Amino acid sequence: VLNDLRRDAVRILSEQLERDSRVRHETRDRAIAESVASVAQTDPHDVAAPRLVAEVWRLEDARLAAEAGADEISLDVFLRHPMPPVARVRHLAAELAQRGVTLRLRTPTIVRPADRKQVEKWLALGMPLVSGHLGMVAELAEQGCDVVADYAVNVFNQHSAAEVFRLGARRIVLSVELTGDEMAQVAAPWEGRGFEVFAYGRPEGMTIEHCVLSAAFDREVATCRDLCVQKHPNVELTDPAGYVFPVATDYACRNRLLHSRPVDGSAYLPELWRAGFRN
């Protein structure tokens, strides 16, 4: 009798737990569905015309990209050094504008208070900007700047997209970790308008505060620019599995670790186009 009671008790408890779990999952799924359905409709402030954006860090490459058919150039003046003179960048912007090509300055993803002085002289140009620094996206958009939120803002879903649009971003470069189907789901409320897709290239995997080049040569950081500018302009790190990661030095002696292989979304462009993506 005791054994029967134990078995009955276990059966009753198991059924109760299963029922509770099912109700909990159904409640959660219903809450998620309601939340997704109630995403705020915000204006991406962007036109629907197709646009091919090329990201470069050298002025000569900006001209080559424009000649090859790019509609917009994202220029990272903070990558590598020395930086180009402000006057040359201003001249390049005017030159490209005459050809109907927009020049957009790309800010670093990390901008500490101590870095602002270096960044401010470029912001003072009043040019369109692209930034993966969410605080700067909000600050610059509030000032009326034409600013694109780069992939480092990590927009993964419709709610984060709505919030970044609400902050004033003109366009959003979706996270490089999303699949094509996931990108389409995120952009669905806007029918793809106002979103950019990273179609080809090596995105930045991380920013390293301590320069690997100065450490390798036992040099004092910020006093060894002969290493990255002249002697070793192309630095790579190899992981235990044999993957090689390019390392780009920047204006603040930080290292940007690039992906070992380029992201290549060319095979998915027809599907992305049908989902409404035009950038």
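Me: Where is the place of Leu174 in the chain?
Reply: This is a predicted model. In it, Leu174 belongs to the loop between strand 6 (171–173) and helix 7 (180–187).

Me: Does a loop position leave Leu174 buried or exposed?
Reply: Burial is read from relative accessibility, and under 20% counts as buried. Leu174 has 1% relative accessibility, so it counts as buried. In space, Leu174 lies 7.5 Å from Phe198, C-alpha to C-alpha, although the two are 24 residues apart in sequence.

Me: Phe198 is a useful lead. Which residues are the closest to the centre of the largest pocket?
Reply: The largest pocket has a volume of about 1,200 Å³. It is lined by 46 residues, and Glu55, Phe198, Tyr200, Gly201 and Arg202 are the closest to its centre.

Me: Which strand gives the most to that lining?
Reply: Strand 1 does, with four residues. By class, the lining of the largest pocket holds 26 nonpolar, 16 charged and four polar residues.

Me: How should I read the sheet that strand 1 belongs to?
Reply: Start from the general idea: strands of a sheet pair through backbone hydrogen bonds, either parallel or antiparallel. Here seven strands form an open sheet with parallel pairing, in the order 1-2-3-4-5-6-7. Strand 1 (53–56) and strand 7 (195–196) are at the edges and have a single partner strand each, so one side of each has no neighbour in the sheet.

Me: How many bridges join strand 1 to strand 2?
Reply: Four bridges join them, and strand 2 covers residues 72–75. Going residue by residue, Ala54 is opposite Ile73 in strand 2, and Glu55 is opposite Ser74 in strand 2. Glu55 is also one of the residues closest to the centre of the largest pocket.

Me: Which residues of strand 2 are on each side?
Reply: In a regular strand the side chains alternate between the two faces of the sheet. In strand 2, Glu72 and Ser74 are on one side, while Ile73 and Leu75 are on the other. These four residues are all buried, and both faces of the strand are covered.

Me: How do I read antiparallel pairing in this model?
Reply: Take strand 10 (residues 235–238) and strand 11 (residues 244–249), which run antiparallel and are joined by four bridges. Val235 is opposite Val247 in strand 11. The two strands make a hairpin with five residues between them, and Gly242 in the turn has a positive phi of about 95 degrees.

Me: Which residue of strand 12 stands opposite Val247?
Reply: Leu257 does. Strand 12 (residues 255–258) pairs with strand 11 in the antiparallel sense over three bridges. This pair is also a hairpin with five residues between the strands; Cys253 in its turn has a positive phi of about 60 degrees.

Me: How many aromatic pairs does the structure hold?
Reply: Seven. One of them is Phe78 with Trp122, an edge-to-face pair at 6.5 Å centre to centre with 70 degrees between the planes. That pair links distant parts of the chain, 44 residues apart: Phe78 is in the loop between strand 2 and helix 3 (86–98), and Trp122 is in helix 4 (residues 116–123).

Me: Why do Phe78 and Trp122 count as buried?
Reply: The same kind of value decides it as for Leu174. Phe78 counts as buried because its relative accessibility is 2%. Trp122 counts as buried because its relative accessibility is 1%.

Me: Which residues form one aromatic cluster?
Reply: Phe165, Trp190, Phe195 and Phe277 do.

Me: Where does a charged side chain sit over a ring?
Reply: The charged end of Arg58 sits over the ring of Trp57, at 5.7 Å from its centre. Arg278 lies over the face of Trp273, 3.7 Å from the ring centre.

Me: How many cavities of 30 Å³ or more does a search of the whole structure find?
Reply: Two. The second largest cavity holds about 40 Å³ of space. Its lining consists of Pro108, Thr109, Ile110, Glu204, Thr207, Asp250, Arg254 and Arg256. By class, that lining has four charged, two polar and two nonpolar residues.

How values were computed
Residues are numbered from 1 along each chain as its sequence is written. This is a predicted model: local features need pLDDT of at least 70, side-chain atom pairs count only at pLDDT 80 or more; totals for chains, interfaces and linings use all residues. Side-chain values use heavy atoms; hydrogens and water are left out. Two strands pair if DSSP finds at least two bridges between them. On a 1 Å grid over the protein atoms alone, a cavity is a set of points where a 1.4 Å probe fits but cannot get out, and a pocket is an open set with protein on both sides within 12 Å along at least five of seven lines; lining residues have an atom within 4 Å of a point. Grid points are joined across faces, edges and corners, and a volume is the space filled by probe spheres set on the points. Ala, Val, Leu, Ile, Met, Phe, Trp, Tyr, Cys and Pro count as nonpolar, Asp, Glu, Lys and Arg as charged, and the others, Gly among them, as polar. Rings of Phe, Tyr and Trp (its six-membered ring) pair if their centres lie within 6.5 Å; planes under 30 degrees apart count as stacked, over 60 as edge-to-face and the rest as tilted. Buried means under 20% relative accessible area, exposed over 50%, partly exposed in between (1.4 Å probe, protein chains only). A charge sits over a ring if NZ of Lys or CZ of Arg is within 6 Å of the ring centre and within 35 degrees of the ring normal.
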